[in-house]
Amino acid sequence: TQNLLKHWQKLGKFRRAHLAVGAGIHQKHSEKPCIFSRTLQTSEHSDKVVVATGLNKGKKEIAVYGLFAEGTILKDYYSSAQVSVLNGKVEIDSAFDVVLLGRPE
């Protein structure tokens with residue numbers, strides 16, 4: 001029960017920090033593992049996220065599909081790791097099979 005609660009708390013924090021999750025345009029990048037982005041661009045808000053599920057636990061590379069410039073600092077809201085975009089992707093080493101990427105709050 002505690003693990004399930006933590007999971008939903010992480011998802012809620014990510015959604016609260018990124019309007020694109022609820023209001024953005026969805027773009028699917030990969031079926032397996034499931035990787036998609038959501039982007040929101042209005043006169044008042046600009047937000048982008050990349051979400052990946054069904055990944056291997058441990059080291060993983062996630063492409064950012066040109067959404068974030070080289071050197072951009074991103075946060076994985078699932079593991080709390082901060083990473084930099086290098087060669088169009090980020091590397092994350094976590095015990096989770098989910099990555100929730102967005103700019104840190």
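Here is a short walk through this structure, one selection at a time. Keep in mind that you are looking at a predicted model.

**Stop 1: the hairpin**

Start by selecting strand 2 (34–41) and strand 3 (46–53). These two strands form a hairpin, with four residues between them. They run antiparallel, and eight bridges join them. To see one of the pairings, pick Ile-35 and look across to strand 3, where its bridge partner is Ala-52.

Now click on His-45, which sits in the loop between strand 2 and strand 3. Is His-45 buried, exposed or partly exposed? With a relative accessibility of 37%, it counts as partly exposed. Show its neighbours too: leaving out residues up to four places away in sequence, His-45 touches Leu-19 and Leu-40. Try a distance label between His-45 and Leu-19: these two are 26 residues apart in sequence, and their C-alpha atoms are 8.1 Å apart in space.

**Stop 2: across to strand 8**

Keep strand 3 on screen and add strand 8 (98–102). This pair is antiparallel as well, joined by four bridges. Pick Val-51 and you'll find Leu-100 of strand 8 standing opposite. While you're here, a rule of thumb for looking at strands: in a regular one, the side chains alternate between the two faces of the sheet.

**Stop 3: the cores**

Next, turn on side chains for Ile-62, Leu-74, Val-90 and Leu-101. Within the largest nonpolar core, which has 15 residues, these four touch the most other members. Which elements give two or more residues to this core? They are strand 3, strand 7 (89–94) and strand 8.

Zoom in on Leu-101 and show what surrounds it. Setting aside residues up to four places away in sequence, its contacts include Phe-14, Val-50, Ile-62, Leu-74, Val-90 and Ile-92. Lys-48, Lys-75 and Asp-76 are also among the residues that Leu-101 touches.

Apart from the largest core lies another one, made of eight residues. Select Phe-14, Val-49, Val-98 and Leu-100, which are among its members.

**Stop 4: the salt bridges**

How many salt bridges does the model have? The count comes to two.

For one of them, select Glu-31 and Lys-28: their side chains meet with N and O 2.9 Å apart. Glu-31 counts as exposed because its relative accessibility is 57%, while Lys-28, at 42%, is partly exposed.

For the other, select Lys-89 and Glu-61, whose closest N and O atoms are 3.3 Å apart. This pair links distant parts of the chain: Lys-89 belongs to strand 7 and Glu-61 to strand 4 (residues 58–63), with their positions 28 residues apart in sequence. Colour both by accessibility if your viewer allows: Lys-89 has a relative accessible area of 30% and is partly exposed, and Glu-61, with 46%, is partly exposed too.

**Stop 5: a threonine in a loop**

For the last stop, go to Thr-72, found in the loop between strand 4 and strand 5 (73–76). Is Thr-72 buried or exposed? Its relative accessibility is 10%, so Thr-72 counts as buried. Show the residues around it: not counting those up to four places away in sequence, Thr-72 touches Val-83, Ser-84, Val-85 and Arg-103. If you still have Leu-101 displayed, look for Val-83 there as well, since Leu-101 touches Val-83.

Definitions and conventions
Residues numbered from 1 in each chain as written. Predicted model: local features only at pLDDT ≥ 70, side-chain atom pairs only at ≥ 80, totals over all residues. Heavy atoms only, no water. Core = buried A, V, L, I, M, F, W, Y, C linked by side-chain atoms within 4.5 Å. Buried < 20%, exposed > 50% of the residue type's maximum accessible area, 1.4 Å probe, protein only. Contact = heavy atoms within 4.5 Å. Salt bridge = Lys/Arg side-chain N within 4 Å of Asp/Glu carboxyl O. Pairing = 2+ DSSP bridges.
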